[in-house]
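Here's a quick walk through a single protein chain, one region at a time. Have a look at the model first, then read on.

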Amino acid sequence: MNLQELIDIVDKYNKNSDDQEFIKKAYTFACSAHRNQLRATGEPFIVHPFEVAKILANDNHSAAVVAAALLHDVVEDTSIAKEKIQSEFGNEIADLVDGLTKLQKIKIKKSWLFSINPLERSSVRKKEYELHLENLRKMLVAMTKDIRIIFIKLADRLHNMQTLYALPQEKQQQIAEETLEIYAPIAHRLGMGKLKGELEDLAFHYVYPSEFEQTKKIAGREYANKEKYMEKAKYKITEALKENSVPLIDVSGRKKHLYSLRKKLKKHDNDIEKIYDIVAVRIIVDTTENCYKTLGIIHKLWRPLIGRIKDYIAMPKPNGYQSLHTTVFGPNGSIIEIQIRTPKMHDKAEKGIAAHWNYKTTQKPIAISKENYSWINELGQIDTTSTDKKEWSEILKLDFFKDRIFVFTPTGDVHNLPSGATPVDFAYSIHTEVGNTTVGAKVNGHIVKINYQLQNGDIVDIIRSKKSNQPKRDWLKFVKTSRARDKIKNKLLGKSKLPFIN
Ligand code: MN
């Protein structure tokens with residue numbers, strides 16, 4: 001690990017001495033802040049932010065993103081305050097670091113992790129658990145004011161997954177499950193296919209160890225079976241494109257990620273014969289026209305399977321993925337899936353939205369709004385693959401949650417309230433009796449005013465008194481939910497005692 005390594009990566013796409021100096025400064029600052037700290041792996045702590053910065057630099061992210069990655073754990077894990085980052089590195093970096101610090105709060109409720117066996121999640125409680133996960137995903141999006149925070153968070157998570165072996169089992173379970181259920185789905189919806197696949201495969205064996213082994217065995221067998229046909233197919237394709245004067249940029253074999261194979265196997269009752277894309281040939285040609293021309297050439301070469309031709313160029317997947325897919329009876333009658341795309345489509349399939357937000361674009365903070373993310377919004381409306389269509393189209397509209405906030409109970413449940421909601425609204429959202437007996441509230445461990453406006457990620461603890469079973473008339477002036485308003489009015493008017501029917 002040395003600084004020059006990082007600078008060299010950034011230089012490859014953006015040689016700029018100001019950027020170099022900025023990254024150097026962030027590196028020196030982070031080294032000094034984390035000195036004497038070790039990771040569970042036994043390495044100096046700085047290795048972690050350094051590796052996260054490298055992941056982002058390799059994806060062509062701007063100097064600001066790389067610097068923020070170097071500093072991302074400084075506020076969380078050392079005594080240095082946000083203000084110090086602000087005075088040293090400016091508002092942009094301070095806001096990115098602050099946003100990342102806040103995301104640390106997003107955690108799956110412990111009792112879920114250790115109360116249900118992953119293999120038994122088809123039970124009724126699964127729905128309840130799904131709702132909890134859904135709220136955490138929404139909270140993450142609602143808390144993110146700048147999409148670059150998500151990019152850094154995902155790179156952070158990737159490196160944490162790569163070093164997860166060093167942690168105690170309980171933490172492995174927690175972090176791997178969050179990766180599988182919260183971070184990978186968000187990477188997927190942002191079209192970041194490469195990262196999504198990596199995160200899932202790193203988490204898979206921690207969460208479902210026996211299924212992991214089983215899937216690995218099946219995949220290994222299939223790879224061995226198909227390998228020789230793949231080589232033949234690649235050779236034939238290269239020759240055929242040459243004959244037809246289609247400039248071939250790349251032809252390669254791609255293996256399906258293990259976790260997505262597992263999902264597909266489940267869908268097909270573990271029948272491997274029904275899965276055609278465990279290995280696939282990927283062809284990259286220069287233009288969209290040549291993609292279609294290549295498809296024609298392939299179909300002349302080998303007979304396609306009925307119903308397996310998919311035009312994701314004309315009809316992209318909801319997350320923006322574009323390619324032509326076909327499955328053919330290839331060399332020696334072996335069934336092979338073929339994917340055809342341009343370099344630009346390939347880049348987008350791997351990096352998704354991040355392909356649009358690298359160093360080439362503005363250095364300014366990117367607000368998550370309808371205007372900046374119009375294409376995301378559009379994607380949400382043409383979802384054809386997801387089963388939970390509505391849910392995901394909501395997540396994609398990153399400003400969808402601007403009118404909602406997500407807060408925790410002290411035990412880690414998530415409550416979803418309108419913006420501007422107060423501890424009183426929160427109390428009534430739990431139970432009428434909790435509302436009626438409220439005398440105060442603690443937020444993140446500190447006493448707050450009863451009309452305090454709750455913020456995303458707040459941990460809210462209601463202080464109650466059995467003696468005070470009476471809401472205050474004043475509360476009506478500030479409560480935001482109709483539920484709280486109605487309950488308060490009822491209690492004040494004595495309506496709650498109405499059922500006198502014998
Ligand atoms: Mn970190």
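Let's start at the metal. Along the chain, the donors of the manganese ion follow the spacing H-x23-H-D-x82-D. Put names to that pattern and you get H48 (NE2), H72 (NE2), D73 (OD) and D156 (OD), which coordinate the ion at 2.2 to 2.3 Å. H72 and D73 are both buried. Keep in mind that this is a predicted model, so every value here is computed from it.

Now step back to the chain as a whole. It has 502 residues, of which 52% count as buried. The secondary structure comes to 22 helices and 10 strands. Among contacts with a separation of 6 or more, 68% are between residues 24 or more positions apart. As for the outside, the accessible surface is about 24300 Å², and carbon and sulfur atoms account for 51% of that.

What about the inside? The largest nonpolar core has 116 residues, and the members that touch the most others in it are I283 and I338. Setting aside neighbours within four places in sequence, I283 is in contact with a list of residues including I237, L241, L248, V251 and I298. Also on that list are I338, Q339, I340 and R341, and strand β5 spans residues 335-341. Apart from this core there is another one, of 13 residues, with L417, A421, F426 and L454 among them.

That brings us to the strands. β5 runs antiparallel to β4, and 6 bridges join the two. One of the pairings puts F329 opposite its bridge partner I335 in β5. β4 and β5 form a hairpin with 5 residues between them, and N332 in the turn has a positive phi of about 60°. On the other side of the pairing list, β4 is also joined to strand β3 (residues 310-311) by 2 bridges, again antiparallel. There, D311 has L324 in β4 as its bridge partner. Is β4 enclosed or open? Of its 6 residues (324-329), 5 are buried, so the strand is largely enclosed by the rest of the structure.

A short stop at helix α15, which covers residues 288-301 and includes N290. The relative accessible area of N290 is 14%, and under 20% counts as buried, so N290 is buried. Leaving out residues up to four places away in sequence, N290 touches V246, P247 and V285.

Finally, the aromatics. The structure holds 7 aromatic pairs, and here are two of them.

| Pair | Ring centres | Plane angle | Geometry |
|---|---|---|---|
| F22 and F89 | 5.9 Å | 80° | edge-to-face |
| W112 and Y129 | 5.0 Å | 40° | tilted |

F22 sits in helix α2 (residues 17-33) and F89 in helix α6 (residues 82-89), so their pair ties together parts that are 67 residues apart in sequence. F22 is partly exposed, with a relative accessible area of 24%, whereas F89 is buried at 7%. Ring pairs also bring in F29, linking F22, F29 and F89 into a cluster.

The pair of W112 and Y129 joins helix α8 (residues 110-115) to helix α9 (residues 125-143), so it ties together parts that are 17 residues apart in sequence. W112 and Y129 are both buried.

Technical notes: Residues are numbered from 1 along each chain as its sequence is written. This is a predicted model: local features need pLDDT of at least 70, side-chain atom pairs count only at pLDDT 80 or more; totals for chains, interfaces and linings use all residues. Side-chain values use heavy atoms; hydrogens and water are left out. Helices (H or I, at least four residues) and strands (E, at least two) are DSSP runs, numbered from the N terminus. Buried means under 20% relative accessible area, exposed over 50%, partly exposed in between (1.4 Å probe, protein chains only). Contact means heavy atoms within 4.5 Å. Two strands pair if DSSP finds at least two bridges between them. Accessible areas come from the Shrake-Rupley method with a 1.4 Å probe; for residues, only the protein chains shown count as cover. Donors are N, O and S atoms within 2.8 Å of the metal (3.2 Å for Na, K and Ca); water is not among the atoms, so sites may look incomplete. A nonpolar core is a set of buried Ala, Val, Leu, Ile, Met, Phe, Trp, Tyr and Cys residues joined through side-chain atoms within 4.5 Å. Rings of Phe, Tyr and Trp (its six-membered ring) pair if their centres lie within 6.5 Å; planes under 30 degrees apart count as stacked, over 60 as edge-to-face and the rest as tilted.
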